[in-house]
Amino acid sequence: MKKVLRWSVCALFVAGIFSVAYAQFAKPEQAIEYRQGVMLVMAHHFGRIGAVVQDKVPFDKASVAKDAELVATLATLPWEAFMVPGAEKGKTHLKAEALKDKEGFKAAADATMAETAKLAQVAAAGELDAIKTQFGAVGKSCKDCHEKYRSR
Ligand code: ASC
């Protein structure tokens, strides 16, 4: 009896894991909400660094490093939420092309992840001129992807 119970618990656990993986986005709207949430928070933290880069806010090494770390982490999250069938319809700016050009989209995502990771590194080192340069490189990667795959 104990054995049966143990197996049942195990089976339930496995089923649970799969249903989470399978139903990561049960509906396209959930994928849209998820990626927009990530982008919103990412833009917020990127914007805080932007204010420093534009000399509107005094340079505080620790807070820039923290914001850059957050941006780099957030930049790893949204991509699979774009590649969901039906997620180019509804309340989104995603161009339908993005779903047809998976390789190009992936390349753009990889560029953003690489540039944001580099920004986190540079920010940890704490040299403002290098941060400014790398901030520009991240901004370019945002812009490149938006120009290709985002409608206005
Ligand atoms: C942001 C944001 C974007 C990018 C882009 C960079 O903070 O919301 O869409 O940076 O303006 O060129």
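A crossing of two helices is called left-handed if the near helix is turned anticlockwise from the far one by less than a right angle, and right-handed if clockwise. Keep that in mind for the stops below, and note that this is a predicted model.

**Stop 1: α3 and α5**

Select residues 61–74, helix α3, and residues 102–125, helix α5. Helix α3 passes α5 in a left-handed crossing. The two axes come within 8 Å and cross at roughly 165 degrees. Angles over 145 degrees count as roughly antiparallel, and α3 and α5 are therefore roughly antiparallel to each other.

Now show side chains at the contact. On α3, pick Lys61, Val64, Ala65, Ala68, Glu69, Val71 and Ala72. On α5, the partners are Thr116, Ala117, Leu119, Ala120, Ala123, Ala124 and Ala125. Coloured by class, the residues of this contact come out as eleven nonpolar, one polar and two charged.

**Stop 2: α2 and α3**

Keep α3 and add α2, residues 28–53. The axes of α2 and α3 come within 9 Å, with a crossing angle of roughly 150 degrees. That makes α2 roughly antiparallel to α3. The pass of α2 by α3 is left-handed.

From α2, select Val38, Val41, Met42, His45, Phe46, Arg48, Ile49 and Val52. They meet Val64, Asp67, Ala68, Leu70, Val71 and Leu74 in α3. The class split is eleven nonpolar, one polar and two charged residues. Val64, Ala68 and Val71 of α3 belong to the contact with α5 and also to the contact with α2.

**Stop 3: α2 and α6**

Hide α3 and bring in α6, residues 128–149. The axes of α2 and α6 come within 10 Å and cross at roughly 130 degrees. That makes α2 oblique to α6. The crossing is left-handed.

In α2, highlight Phe46, Ile49, Gly50, Val52 and Val53. In α6, highlight Leu128, Ile131, Lys132, Phe135, Val138 and Gly139. By class, this contact holds eight nonpolar, two polar and one charged residues.

**Stop 4: the ligand**

Which residues surround the ligand? Select Ala43, Phe46, Gly139, Cys142, Lys143 and His146. Phe46 and Gly139 were already picked at the contact of α2 with α6.

Two distances can be displayed here. From a polar backbone atom of Gly139, an oxygen atom of the ligand is 3.1 Å away. For His146, a polar side-chain atom lies 3.3 Å from an oxygen atom of the ligand.

Definitions and conventions:
Residues are numbered from 1 along each chain as its sequence is written. This is a predicted model: local features need pLDDT of at least 70, side-chain atom pairs count only at pLDDT 80 or more; totals for chains, interfaces and linings use all residues. Side-chain values use heavy atoms; hydrogens and water are left out. Axes are lines fitted to C-alpha atoms, for helices over the stretch in contact, and angles run from 0 to 180 degrees between N-to-C directions. Helices (H or I, at least four residues) and strands (E, at least two) are DSSP runs, numbered from the N terminus. Angles under 35 degrees count as roughly parallel, over 145 as roughly antiparallel, 65 to 115 as roughly perpendicular and the rest as oblique. Contact means heavy atoms within 4.5 Å. Ala, Val, Leu, Ile, Met, Phe, Trp, Tyr, Cys and Pro count as nonpolar, Asp, Glu, Lys and Arg as charged, and the others, Gly among them, as polar. A residue is near a molecule or strand if one of its heavy atoms lies within 4 Å of it. A polar contact is a pair of N or O atoms within 3.5 Å; within protein, one must be able to donate a hydrogen and the other to accept it, and residues adjacent in sequence count only if both atoms are side-chain atoms.
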